[in-house]
Amino acid sequence: MSFLNTIRGLGRSSKKNKKDVDTPASIYSHNNSSGSPIRRSQSPSKYSPNKYSPTKPRNTNQIQFANQSPTRRGRTQVNTQGQQNQLPCRPQIAQQSQALPSKLPLFLCEPFVKTALVKGSFKTIVQLPKYVDSNEWIALNIFELYNNLNQFYGIIADYVTPEAFPTMNAGPNTNYMWVDATGQAINLPASQYIDYVLTWISTKLNDQSIFPTKTGGAFPPNFLKDCKNILRQMLRIFAFIYHNQFDKIVHLSLEAHWNSFFAHFISFIKEFNLIDRKELEPLLPLIENFEQQGKII
């Protein structure tokens, strides 16, 4: 069921949007309505935007995560107590300045900031259905949010070259850096940063010890911590695309889908308190605008 049809099932669609979203709606699909069966048996896919394999780093220097445990299956394992061995990368916000941009970014300008698939909020979609385990519901939502984000990034990945984006930034005031095995903070090209993150999330979602899908499987004690780390990294990809690639989204007439997807994402993390507010800073003006419009409650 497409995202639009799901919203229609909740009684919040508008007839004028029907013919406009038939083709691109498949880019953002959602099956999380409370009436749908909860299944996560299908493994998430990892989009590889170029010739590099998603399971191989682009350089020979292994970099390291702290606190987040980004792993690649067959190379690094993380136990249920949170202990970890050598890890490939560690992201952090290394630089933030107080300087204000000289003009509003494109995604905050009208009519784009008010463009969406449907009117109304996403609260009823993200709320926990009756008789459903909360961990299972969170896992299902993360699974689908990741697949949708992966598809959107695949659309603009060819434009995210190391030459055009030598750092992973979310506008002029925020730059995401990595800490290598020696503890030194380094800048990585945005394409490499995102490639590492998408591969790491895919590995996490396919790890039965973290996201069990088999009968009798139990969620680990640190499940919510892993979910928060995954969603924080997804938010950084959202921030990068909004600040650096939103013009491509507009050129493809996908801004309504993208804005609705982001409003859905923020509604979900707010409903379950999964991301600290300080992490939202690069997109906080947009979030507040969506709240004023009633897209986010």
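**Exercise 1. Two loop residues with positive phi**

Task: Classify N273 as buried or exposed, and find the loop that holds this residue.

Solution: At 60% relative accessibility, N273 is exposed, because the cut-off for that class is over 50%. The residue sits in the loop that runs between α7 and α8. Its phi is near 55 degrees, a positive value in a residue other than glycine. Y131 can be treated in the same steps. Its relative accessibility is 85%, so Y131 counts as exposed. The loop between α2 and α3 contains Y131. Phi of Y131 is near 65 degrees, again positive in a residue that is not glycine.

**Exercise 2. How far to trust the model**

Task: State what kind of model this is, and find which stretches have a pLDDT below 50.

Solution: The model is predicted. Mean pLDDT for the protein is 76, with 65% of the residues at 70 or more. Residues 32-38 have a pLDDT below 50, and this stretch makes twelve contacts in the model beyond near neighbours in sequence. Residues 47-101 also have a pLDDT below 50; here the contacts beyond near neighbours in sequence number 138. Where pLDDT is low, the predicted coordinates should not be read in detail.

**Exercise 3. The overall layout**

Task: Count the helices and strands and give their order along the chain.

Solution: The protein has eight helices and four strands. Starting at the N terminus, the order is α-β-α-α-β-β-β-α-α-α-α-α. Of the 297 residues, 50% count as buried. Among contacts between residues at least 6 apart in sequence, 76% join residues at least 24 apart.

**Exercise 4. Helix α3**

Task: Check whether the length of α3 agrees or disagrees with its number of residues, then describe its N-terminal end and its surroundings.

Solution: Helix α3 covers residues 134-156, which makes 23 residues. At 1.5 Å a residue the expected span is 33 Å, because the product is taken with one less than the number of residues. The end C-alpha atoms lie 34 Å apart, which agrees. At the N-terminal end, D133 acts as a cap: one of its side-chain oxygens is 3.1 Å from the backbone nitrogen of N135. Of the 23 residues of α3, 18 are buried, so the helix is largely enclosed by the rest of the structure.

**Exercise 5. I138 and L224**

Task: Compare the burial of I138 and L224, and list what each touches.

Solution: I138 lies in α3, and L224 lies in α5, residues 223-244. I138 has 4% relative accessibility and is buried, because the cut-off is under 20%. L224, at 39%, is partly exposed. The two residues are 86 apart in sequence, with their C-alpha atoms 8.8 Å apart. Leaving out residues up to four places away in sequence, L224 touches N135, I138 and L274. On the same terms, I138 touches F223, L224, C227, F268, F272 and L274. I138 and L274 are 136 residues apart along the chain, and 9.9 Å separates their C-alpha atoms.

**Exercise 6. The largest nonpolar core**

Task: Find how many residues the largest nonpolar core has and which element gives the largest share.

Solution: The core has 69 residues, and W258, F262 and F265 have the most contacts inside it. Elements that give two or more residues to the core include α3, β3, α4 and α7. The largest share, twelve residues, comes from α5. As for F265, its contacts beyond four places in sequence are L145, L231, M234, L235, F238 and I275.

**Exercise 7. N175, the cysteines and a cis bond**

Task: Describe the polar contacts of the N175 side chain, say how many disulfides there are, and locate the cis peptide bond.

Solution: N175 is in strand β3 and is buried, with a relative accessible area of 8%. Its side chain makes a polar contact with the side chain of T167 at 3.3 Å and another with the side chain of N187 at 2.7 Å. The structure holds zero disulfides. Of the cysteines, C109 is partly exposed at 25%, whereas C227 is buried at 0%. The cis peptide bond joins E110 and P111, with omega about 10 degrees. P111 is placed in the loop between β1 and α2.

Key: Residues numbered from 1 in each chain as written. Predicted model: local features only at pLDDT ≥ 70, side-chain atom pairs only at ≥ 80, totals over all residues. Heavy atoms only, no water. pLDDT = per-residue confidence, 0-100. Contact = heavy atoms within 4.5 Å. Buried < 20%, exposed > 50% of the residue type's maximum accessible area, 1.4 Å probe, protein only. Polar contact = N/O pair within 3.5 Å; in protein donor to acceptor, adjacent residues only side chain to side chain. Core = buried A, V, L, I, M, F, W, Y, C linked by side-chain atoms within 4.5 Å. Disulfide = S-S within 2.5 Å.
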